[in-house]
Amino acid sequence: MRSSSYGNQAPMQRGSTEHRIFPIMSLTPYQNRWTIRARVSQKTRIKTWQNARGEGRLFSVDLLDETSEIRATAFGDAVTKFYDLMEVDKVYYISKGSLKPARKEFTSIKNEYELYLNNDTLIEPCFDASNLPRQKFNFVPIEKLLELPDKSIIDVIGIVKDTQDVVMITTKSQGRQVAKRDITLMDSSGKCVTTTLWDKDAEEFDGTNHPILAVKGAKKSDFGGCSLSLSGSSGCHVNPDLQEAHQLRGWFDAYGKDAVGESVTTGRGGNASSIPAQYKCLAQVKDENLGMGENADYFSACVNVIFLKKDNCLYQSCPSDGCKKKLIDEGQGYRCEKCDRVFPNFVHRLLLSANIADFSGNQWITCFHETAEVLLNKSADELGALKENEIAYDEVFAEANWKRYQMKIRAKADTYNDETRVRCVCMSLQPVDYKQASQHLIDEIHKLQSTA
């Protein structure tokens, strides 16, 4: 049903036809003629896709009026037609799009439908829309993230407590290099969560001076307890003019800047600035029988790398998405027994054994692909290119020794040939933040004094 008085708007002229403004919340697929007046609150980059049916381009915008939000997506020729026209924070009259059920696994917008823009869609700038809101968030406190299902799409706000360097990783599906950066967000509860930025967002992000970050549409993962990841459709707003942001800045300047923080990303291992309570020295792995229970144990340790096993640490793996199986070189191609296919190419992957030590002892650990690349400061492909140059290859491992890191380690018992051993796996690592590490030790001393 049309709304003839929504927002006291005058009819909009389209040739000889008049259209009144419909609120976004009233749109359904059963309406044929409607016009909305909405602000673009968020816009993605143009993305390309390719599958068995062909290839194409798309981009999305989030539209907002006084009543609700809706995601709008353009494909193919509509990308060329509308991408440059639609700008963030500008307001437009939009009509003649098609409405379909929303794919809620890709957005945090609470709307049953999403809008598809096509070549028949009409979009015109609106120059009188000062009463329209600019942003709408449904923030979830970091301490509540553990209560949400895996793969939930949520909005979150936090202060950037720590920023890691950009690392380049190889995507499994396309084998291309993409930038990745982990940051730590903390809110006024003192809880922290590791949040991953990708591609241009990772390369361009500046964490100087602890900015406030409001994220719209982050994906929650249960990997390592809880972590967040931004996708191409997520929105990343630095120091937004929001009440929540001003309150968080005030809290951080008064109290939060000296807080160590407690990370909800325990298993994956938060950053060094978020040292969890389960800080251990290596001797405690044996003394406390870590990893011998039904579930794995996770702990944080400040260690030196003293030896790396470089032999057979680099292997040729299957390039298909989701498969990491080692390939068999058949001369004319590379066979994956798991996929039962022969590929013309392969992807280099790392599986590295390292010996680490602290004041109390030493421990062998396993570093899988991502952590091994960080430890060696080389991508697997870069290391593979050096394989024929023995001197340059060995130099990579020599330079990686005697570096000091804050590591998050998973301990779990494995049984092989009736012998049970605790296997330790490095989940993440980063250079030691001595200020934060010292603060952690001071806090532990205060706890001991209070119980004395």
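Start by selecting strand 13 and strand 14 (residues 191-198): the two run antiparallel and are joined by seven bridges. This is a predicted model, so colour it by pLDDT before going further; the mean for the protein is 84, and 90% of the residues reach 70 or more.

**Strand 13 and its partners**

Strand 13 covers residues 177-186, and nine of its 10 residues are buried. Show the side chains of Ile183 and Thr195: Thr195, in strand 14, stands opposite Ile183. Then follow the chain from strand 13 into strand 14. The two form a hairpin with four residues between them, and Gly190 in the turn has a positive phi of about 85°.

Next add strand 11 (residues 153-163), which pairs with strand 13 in the antiparallel sense over four bridges. Pick Asp162 and look across to Thr184, its bridge partner in strand 13.

Now add strand 12 (residues 167-170). Strand 12 and strand 13 also pair in the antiparallel sense, over four bridges. Here the residue to pick is Thr170, which stands opposite Gln177 in strand 13.

**Glu69 and Lys216**

Move to strand 6 and select Glu69, which lies in this strand. Is Glu69 buried or exposed? Its relative accessible area is 3%, which is under the 20% cut-off, so Glu69 counts as buried.

Display what surrounds Glu69. Leaving aside residues up to four places away in sequence, Glu69 touches Ile24, Leu63, Leu64, Ile109, Asn111, Lys136 and Lys216. With Lys216 there is a polar contact of 3.3 Å between the side chains. Keep Lys216 selected and add Phe137: Lys216 lies over the face of Phe137, at 5.6 Å from the ring centre.

**Aromatic pairs**

How many aromatic pairs does a search of the whole structure find? There are six. One of them is Phe75 with Tyr116, a stacked pair with 5.8 Å centre to centre and 10° between the planes. Phe75 belongs to strand 6 (residues 69-75) and Tyr116 to strand 9 (residues 113-117), so this pair links distant parts of the chain, 41 residues apart. Phe75 is partly exposed, at a relative accessible area of 35%, whereas Tyr116 is buried, at 15%.

Another pair to select is Phe307 with Trp364. The ring centres are 6.2 Å apart and the planes stand at 90°, so this pair is edge-to-face. Because Phe307 lies in strand 19 (residues 297-309) and Trp364 in strand 26 (residues 361-367), the pair ties together parts that are 57 residues apart in sequence. Phe307 is partly exposed at 43% relative accessibility, and Trp364 is partly exposed at 39%.

Leave Trp364 on display and add Lys309. Lys309 lies over the face of Trp364, at 4.9 Å from the ring centre.

**Where to be careful**

Finish with the confidence colouring. Which strand has the lowest confidence, and which the highest? Strand 1 (residues 12-14) is lowest, at a mean of 42, and strand 9 is highest, at 95. Select residues 1-17: the pLDDT is below 50 there, and the stretch has 35 contacts in the model beyond near neighbours in sequence. Then select residues 267-277, where the pLDDT is also below 50; this stretch has 56 contacts beyond near neighbours in sequence. Where pLDDT is low, predicted coordinates should not be read in detail.

Definitions and conventions: Residues numbered from 1 in each chain as written. Predicted model: local features only at pLDDT ≥ 70, side-chain atom pairs only at ≥ 80, totals over all residues. Heavy atoms only, no water. Phe/Tyr/Trp six-rings, centres within 6.5 Å; stacked < 30°, edge-to-face > 60°. Buried < 20%, exposed > 50% of the residue type's maximum accessible area, 1.4 Å probe, protein only. Lys NZ or Arg CZ within 6 Å of the ring centre and 35° of its normal. Polar contact = N/O pair within 3.5 Å; in protein donor to acceptor, adjacent residues only side chain to side chain. Contact = heavy atoms within 4.5 Å. Pairing = 2+ DSSP bridges. pLDDT = per-residue confidence, 0-100.
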